[in-house]
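Visitor: Could you walk me through part of this fold? I'll ask as I go along.

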Amino acid sequence: MLIDFHTHCFPDAIAQRAIAKLSHASGGLEPIYDGTLAGLKENMRREGVDQSVVLNIATSAHQQSSVNRFAQAMNGDGIVAFGSVYPDAPDVLEEIDRIADMGLKGIKLHPEYQNFYVDDPKMEPIYRRISKHELIVSFHAGRDDGYMPPYHCTPQRLSRALRWLDTPVVAAHWGGRCMEEDVLKYLCGTDVYFDTAFGYGCTVHQMLLEMLSRHGVEKFLFGTDAPWHTARCELRLIDSLELSSEEREKILFRNAQRLLGQKT
């Protein structure tokens, strides 16, 4: 069993443009599929992924409703889709209510794409409304290749934002991409989950071992950031971390099943 807790896809009409734009912003990173839902599902079959959590992102206020309708429509057949809200949208709180009414499991926020600091006081009512509905909230955390510093979701900033969140929180990219020392300092030992997306070839191995030791395997979720990394490569990284078979299973699917409320 393998659950990928960090994937992306787009409506067919915009997938080609979206992938081209993201590839260019990242310095020419090559996608492993075309960015469509069909492409994601074919990649899942090829890579042996049983379920994918699709993290949709609303990058403007007018996108919210369409992004969330897309998320609702794709749910099922191995797909668990998260909705998204744009923090500066005038109806952001009402959209969170709609996401909950749609039956979506969580919300994805990307502080770089959405231009907000994760610990900005303006986020408090948003986080409290998300918490009211007990929605999982997944943050892009740490560096993003398409943006220059200062970054909007550092481990220290996220640790400060936690005072407003009473719901499961996932910090992508091992808690903060390219910020392992600060992850150890500010987030290890908290209730935050880390996904392992985009770790292969991009992280300091000894730091990951230290994170696992301090944070505990129960708080790690396997992820790839597909279409940008493959499950095969990320599994190679997981298999280098000196885990027992039980610990490996927790990271690859059992922790995700528990968080998503699925039967194990």
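Visitor: How do β4 and β5 pair up, and over how many bridges?
Guide: In this predicted model, β4 and strand β5 (residues 136-139) pair in the parallel sense over four bridges, where pairing requires that DSSP finds at least two bridges between the strands. Helices (H or I, at least four residues) and strands (E, at least two) are DSSP runs, numbered from the N terminus.

Visitor: Which residue is the bridge partner of K108 in β5?
Guide: That partner is S138, while S84 stands opposite K108 as well, and strand β3 (residues 79-84) runs parallel to β4, joined to it by two bridges.

Visitor: What handedness does the crossover from β3 to β4 have?
Guide: The chain passes from β3 through α4 to β4 in a right-handed β-α-β crossover, meaning that, with the strands pointing away from the viewer, the path from the first strand over the helix to the second runs clockwise. β4, helix α5 (residues 124-132) and β5 also make a right-handed β-α-β unit.

Visitor: Are the residues on the two faces of β4 buried or exposed?
Guide: In β4 (residues 106-109), G106 and K108 on one side and I107 and L109 on the other are all buried, with buried meaning under 20% relative accessible area, exposed over 50%, and partly exposed in between (1.4 Å probe, protein chains only).

Visitor: Switching topic, where does D101 lie?
Guide: D101 lies in helix α4 (residues 92-102), and it counts as exposed because its relative accessibility is 68%.

Visitor: Anything on conventions?
Guide: Residues are numbered from 1 along each chain as its sequence is written, and side-chain values use heavy atoms, with hydrogens and water left out. Local features need pLDDT of at least 70, side-chain atom pairs count only at pLDDT 80 or more, and totals for chains, interfaces and linings use all residues.
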